[in-house]
Amino acid sequence: MTAPRSVDVARWLWVVSALLSAVRSLVVLADRQGLRDQVRGVDPALTMQQVEAAVNGEILLGLLFSAGIVALYVLVANKMRAGKAWARVLLTFFGIIFVVLGALGMVGLAGGLAESQGLTVDPTEVALSALGLVVDVAALVSMWLRPSNDYFRAASLAPPPASPRGRS
């Protein structure tokens with residue numbers, strides 16, 4: 001059974017969403033001085049060598065985490081494209097959470113909440129977040145259009161593929 005265009009579009013939008021999230025993380029991790037300031041804020045007694053080690057560890061963990069998230073999104077998006085209802089439900093669940101949190105973040109930003117808390121706002125991060133919000137909404141909608149619903153309904157009714165027989 002071939003997936004309809006709406007499911008293919010949703011799959012690619014989820015991949016783009018994961019990549020945007022990774023790029024946003026890279027923007028944060030590229031601000032080495034900002035990371036140093038955060039580490040110093042947590043423990044001002046650290047030596048410069050300890051601060052650098054903590055920053056290097058934070059960057060490494062951030063990169064590994066971002067790569068893992070992208071891989072997980074691609075895996076689940078491919079399962080969704082294959083007609084797995086659980087994958088569509090999982091993407092819907094996380095998509096709704098990210099859309100709600102992203103919308104709240106944009107409302108807070110527009111209302112001056114970040115500035116009132118003394119936080120600096122990187123325009124690149126804001127642009128990537130706004131773009132990610134739009135992509136997530138588009139992916140959610142595409143995944144639940146009528147052709148997508150028909151596809152998932154048919155996939156749930158299709159008999160499972162025959163398993164290969166074991167060797168004697």
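## Helix α4 and the aromatic rings

This is a predicted model, in which local features need pLDDT of at least 70 and side-chain atom pairs count only at pLDDT 80 or more, while totals for chains, interfaces and linings use all residues. Residues are numbered from 1 along each chain as its sequence is written, and side-chain values use heavy atoms, with hydrogens and water left out.

Start with helix α4, residues 85–110 (helices are DSSP runs of H or I, at least four residues, numbered from the N terminus). Its 26 residues reach 37 Å from first C-alpha to last, close to the 38 Å expected at 1.5 Å a residue; the expected span is 1.5 Å times one less than the number of residues. Among the buried residues of α4 are Ala87, Arg88, Leu91 and Gly95 (buried is under 20% relative accessible area, exposed over 50%, partly exposed in between, with a 1.4 Å probe and protein chains only). The cover over the buried residues includes α1, α3 and α6, where contact means heavy atoms within 4.5 Å. Just after α4, Gly112 has a positive phi of about 80 degrees.

Next, the rings. The whole structure holds 4 aromatic pairs (rings of Phe, Tyr and Trp, its six-membered ring, with centres within 6.5 Å; planes under 30 degrees apart are stacked, over 60 edge-to-face, the rest tilted). Phe93 and Phe94 are edge-to-face because their planes stand at 75 degrees, with centres 5.2 Å apart. Tyr151 and Phe152 are also edge-to-face, at 5.4 Å and 70 degrees. Ring pairs link Phe93, Phe94 and Phe98 into a cluster. Phe94 is partly exposed at 36% relative accessibility, whereas Phe152 is buried at 4%.

How values were computed
Helix = DSSP H or I, 4+ residues; strand = E, 2+ residues; numbered from the N terminus.
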